[in-house]
Amino acid sequence: MTHEVDILIAGAGPAGCAAAYDLAHAGRHVLLLDKRNFPRHKPCACGLTRKTLKALRYSVDPVVERVCHEIVLQQATDPNSPRPRNSEVRVKTRNPICAMAVRERFDNFCLQQTLLAARQGGSIELRKIDRIAALRESPDSIEFDIITSRGLETLRAPILIGADGSNGQTRRLCHGAQRPPSAQDDDGFALEATVPYTPLPATLPGGTAPHDLVFDFAPLPGGYGWLFPKADHINIGVGAFAPAAGASHAQIKQVTRALLLDYAQQKLGVTTLAHITGQQLGMGGHNYIPRGRVLLVGDAAGLVDPLTGEGIHSAIVSGQAAAAAILSNSTNIAATYARKLTPLQETLAFSHRAARAFYAQPERGFKAMRFRVMRSLILKTYADGLPHTRLLTALAKLTT
Ligand SMILES: Cc1cc2nc3c(=O)[nH]c(=O)nc-3n(C[C@H](O)[C@H](O)[C@H](O)COP(=O)(O)OP(=O)(O)OC[C@H]3O[C@@H](n4cnc5c(N)ncnc54)[C@H](O)[C@@H]3O)c2cc1C
């Protein structure tokens, strides 16, 4: 038996919830599918930049555990130099740069807010599924076979929002032109773990304080190690993000448990880590061209920023763009979505080029940060998503 659905969304993470929120708020009826029960763990350091907080339709203050006004950027100097040592730049602002949350609680909070949005006249039905078995697209609808605890079921909807993340099925099931061209080949990968503050000294072996927000470009090429301070623990991780002309897979392979353990020992002095988890980061989405009746959003569309590894902002913005395209009543929803996605994709295309340049020679980027204007631009771009043209102009001025 086939069930008719108004709007189908696969995935209830930040992208799926952002889309469901706006659709339900506008009176539409959404079937939101996820293969996990919430609250659920999702590997993520959950650094929420100012632009992310601004993009959300509601305050997430109840789940913010810490607000950071300073970033510590670290980098190894040339190991062949007579006295190799880590160099450090501290960038401080009056306004908060990044809010820290724990992803499990953040996602559950966003889901609850989204379900409340349905009070405006629309509805959201949240359903747990085991997996998606098949996706068929015809000129006027999508048919979606799902497997649940009750067996196989077919759903039919005029449109599907694929919000099931980097490991999700919708990006794989969308064949040919639908699939983001370079996504999955360009994906990044990151591993994380948590370490409670209690056994840690006031000055950590890596030279920083336990509550510092640290991005460290020393441990691996094409990415960074991080220390993100939460209420009662540090989220520590290593990730490779940079698109490195044929070397991406080699870089990703370096992101191992051994690397993370070694990094944790170096920075925090701990020798064991409980609960190491990791996941791909969907990338390459600056080339994604939405077509047909499946709108990919967030990591499923490959929209993680390759310079910073940040993906929650893109997930929210793309989810909202997909909802706006559906609500526009356009005869070509995919083309409308493509137009609404363009500003984000332009920023990601710039990040793609900047990541290639920066990660090829991070020491040059560090040199540029000696200039106050450069530090403030980089910080503003990370925190606020400053239009890339301004950053480009400043870069060009400094390098000529
Ligand atoms: C270690 C690590 C650290 C990170 N740190 C940060 C950070 O500090 N800040 C930041 O902005 N970004 C960070 N990111 C990136 C960020 O986690 C992602 O970009 C973001 O979660 C993307 O949101 P999404 O909604 O597209 O996908 P997801 O958050 O992955 O949500 C997808 C949802 O779909 C569900 N799902 C999967 N498959 C199916 C299926 N077949 N059917 C139905 N549902 C399905 C999943 O259960 C999940 O709920 C990090 C990523 C990693 C791996």
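These notes describe the nonpolar cores of a predicted model and the surroundings of its ligand.

1. The largest nonpolar core of this predicted model comprises 53 residues, and those making the most contacts inside it are Leu8, Ile9, Phe144, Ile161 and Tyr337.

2. Leu8 may serve as an entry point for a reader tracing this core: leaving aside residues up to four places away in sequence, Leu8 touches Leu31, Leu33, Phe144, Leu155, Ala157, Ile159, Leu160 and Ile161. Another core lies apart from that one, and its 29 residues include Leu73, Val89, Ile97 and Leu379.

3. Turning to the ligand, there are 38 residues around it, of which Asp34, Arg40, Gly47, Arg103 and Asp299 come nearest. By residue class, the shell divides into 19 nonpolar, 10 polar and nine charged residues.

4. Several secondary-structure elements each supply at least two residues of this shell, namely helix H1 (14–25), strand S3 (29–34), strand S16 (223–229), strand S18 (277–281) and helix H7 (312–327).

5. Polar contacts can be followed atom by atom, beginning with Asp34, which has a side-chain N or O atom 2.6 Å from an oxygen atom of the ligand. Lys35 takes part through its backbone, where an N or O atom lies 3.3 Å from a nitrogen atom of the ligand, whereas Lys42 places a polar side-chain atom 3.2 Å from an oxygen atom of the ligand.

6. As for how far the ligand is covered, the ligand taken alone exposes 1,000 Å², and the protein buries 95% of that area.

Conventions. Residues are numbered from 1 along each chain as its sequence is written. This is a predicted model: local features need pLDDT of at least 70, side-chain atom pairs count only at pLDDT 80 or more; totals for chains, interfaces and linings use all residues. Side-chain values use heavy atoms; hydrogens and water are left out. A nonpolar core is a set of buried Ala, Val, Leu, Ile, Met, Phe, Trp, Tyr and Cys residues joined through side-chain atoms within 4.5 Å. Buried means under 20% relative accessible area, exposed over 50%, partly exposed in between (1.4 Å probe, protein chains only). Contact means heavy atoms within 4.5 Å. A residue is near a molecule or strand if one of its heavy atoms lies within 4 Å of it. A polar contact is a pair of N or O atoms within 3.5 Å; within protein, one must be able to donate a hydrogen and the other to accept it, and residues adjacent in sequence count only if both atoms are side-chain atoms. Accessible areas come from the Shrake-Rupley method with a 1.4 Å probe; for residues, only the protein chains shown count as cover. Helices (H or I, at least four residues) and strands (E, at least two) are DSSP runs, numbered from the N terminus. Ala, Val, Leu, Ile, Met, Phe, Trp, Tyr, Cys and Pro count as nonpolar, Asp, Glu, Lys and Arg as charged, and the others, Gly among them, as polar.
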